[in-house]
Amino acid sequence: VGQQLKEAVNINGSLLALGNVVTALAKASTKRAGGGKGASSHVPYRDSKLTRVLEGSVGGNCRTALLVCVSPAADSTDETVGALEFA
């Protein structure tokens with residue numbers, strides 16, 4: 001149980017750091033859109049390994065592709081429709 005607790009704490013810390021990065025990027029984007037001037041906002045990419053790895057992806061300098069798996073089976077209709085609505 002001790003190892004699982006450590007993993008959960010690390011995962012939660014990384015997700016918190018990712019949330020902080022997204023918040024900082026949103027504030028910086030709002031400032032730019034509103035014509036705000038002044039020092040650029042600090043984006044805390046170095047707060048976790050996860051945010052370091054995702055820096056290029058969440059920083060707005062990439063393109064994103066989404067692959068959606070759909071099924072022609074009648075019993076998968078709800079999941080297929082939900083996936084297509086998300087995409």
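1. Let's start at Ala17, which sits in helix H1, the helix covering residues 2-33. Keep in mind as you look that this is a predicted model. Is Ala17 buried or exposed? Ala17 counts as buried because its relative accessibility is 5%, and the cut-off for buried is under 20%. Setting aside residues up to four places away in sequence, Ala17 touches Asp47, Ser48 and Thr51.

2. Thr51 is worth a click next. Thr51 belongs to helix H2, residues 49-53. Thr51 has a relative accessible area of 1%, so it is buried. Which residues does Thr51 meet once neighbours within four places in sequence are left aside? From H1 there is Ala17, the residue we began with, and the list goes on with Leu18, Val21, Pro44, Tyr45 and Arg46. The contact between Ala17 and Thr51 thus shows up from either end: in the list for Ala17 and in the list for Thr51.

3. Now for H1 as a whole. H1 has 32 residues and reaches 47 Å from its first C-alpha to its last, close to the 46 Å expected at 1.5 Å a residue. You can check a piece of that helix with Ala17 and Ala33: these two are 16 residues apart along the chain, and their C-alpha atoms are separated by 24 Å.

4. Which residues of H1 are buried? They are Ser14, Ala17, Val21, Ala24 and Ala28. If you colour them on the model, remember that an α-helix has 3.6 residues a turn, so residues three or four places apart point the same way. The cover over the buried residues of H1 includes H2 and helix H3 (55-58).

5. Ala24, one of the buried residues of H1, deserves its own look. With a relative accessible area of 12%, Ala24 is buried. Its contacts, leaving aside neighbours within four places in sequence, are His42, Val43 and Pro44. Pro44 also appears among the contacts of Thr51. For a longer reach along the chain, try Gly59: Ala24 and Gly59 are 35 residues apart in sequence, yet 10 Å apart in space, C-alpha to C-alpha.

6. Step back one residue to Thr23, also in helix H1. Thr23 is partly exposed, with a relative accessible area of 39%, whereas Ala24 is buried. Where is Val43 relative to Thr23? The two are 20 residues apart in sequence and 8.7 Å apart in space, C-alpha to C-alpha. Val43 is also one of the contacts of Ala24.

7. Over at the other end of the numbering, have a look at Ala83. Ala83 lies in helix H4, residues 77-86. Ala83 has a relative accessible area of 22%, so it counts as partly exposed; the cut-off for buried is under 20%. Not counting residues up to four places away in sequence, Ala83 touches Val68 and Cys69. Val70 is 13 residues from Ala83 along the chain, with 7.5 Å between their C-alpha atoms.

8. Zooming out, the protein chain has 4 helices and 0 strands, in the order α-α-α-α from the N terminus on. How does the radius of gyration sit against the globule rule? A compact globule of 87 residues would come in near 12 Å, but this chain has 19 Å. The C-alpha trace spans about 55 × 45 × 15 Å along its principal axes.

9. On burial and contacts for the whole chain: 13% of the 87 residues count as buried. Of the contacts between residues at least 6 apart in sequence, 34% join residues at least 24 apart.

10. Last, surface and charge. The accessible surface of the protein chain is about 7,300 Å², and 57% of that belongs to carbon and sulfur atoms. What is the charge count? There are 9 positive and 7 negative side chains, and the centres of the two sets lie 23 Å apart.

Conventions:
Residues are numbered from 1 along each chain as its sequence is written. This is a predicted model: local features need pLDDT of at least 70, side-chain atom pairs count only at pLDDT 80 or more; totals for chains, interfaces and linings use all residues. Side-chain values use heavy atoms; hydrogens and water are left out. Helices (H or I, at least four residues) and strands (E, at least two) are DSSP runs, numbered from the N terminus. The radius of gyration is taken over C-alpha atoms; the globule rule is 2.2 Å times the number of residues to the power 0.38. Buried means under 20% relative accessible area, exposed over 50%, partly exposed in between (1.4 Å probe, protein chains only). Contact means heavy atoms within 4.5 Å. Accessible areas come from the Shrake-Rupley method with a 1.4 Å probe; for residues, only the protein chains shown count as cover. Lys and Arg count as positive and Asp and Glu as negative; His and the chain ends are not counted. The place of a charge is taken as NZ of Lys, CZ of Arg, CG of Asp or CD of Glu. The expected span of a helix is 1.5 Å times one less than its number of residues.
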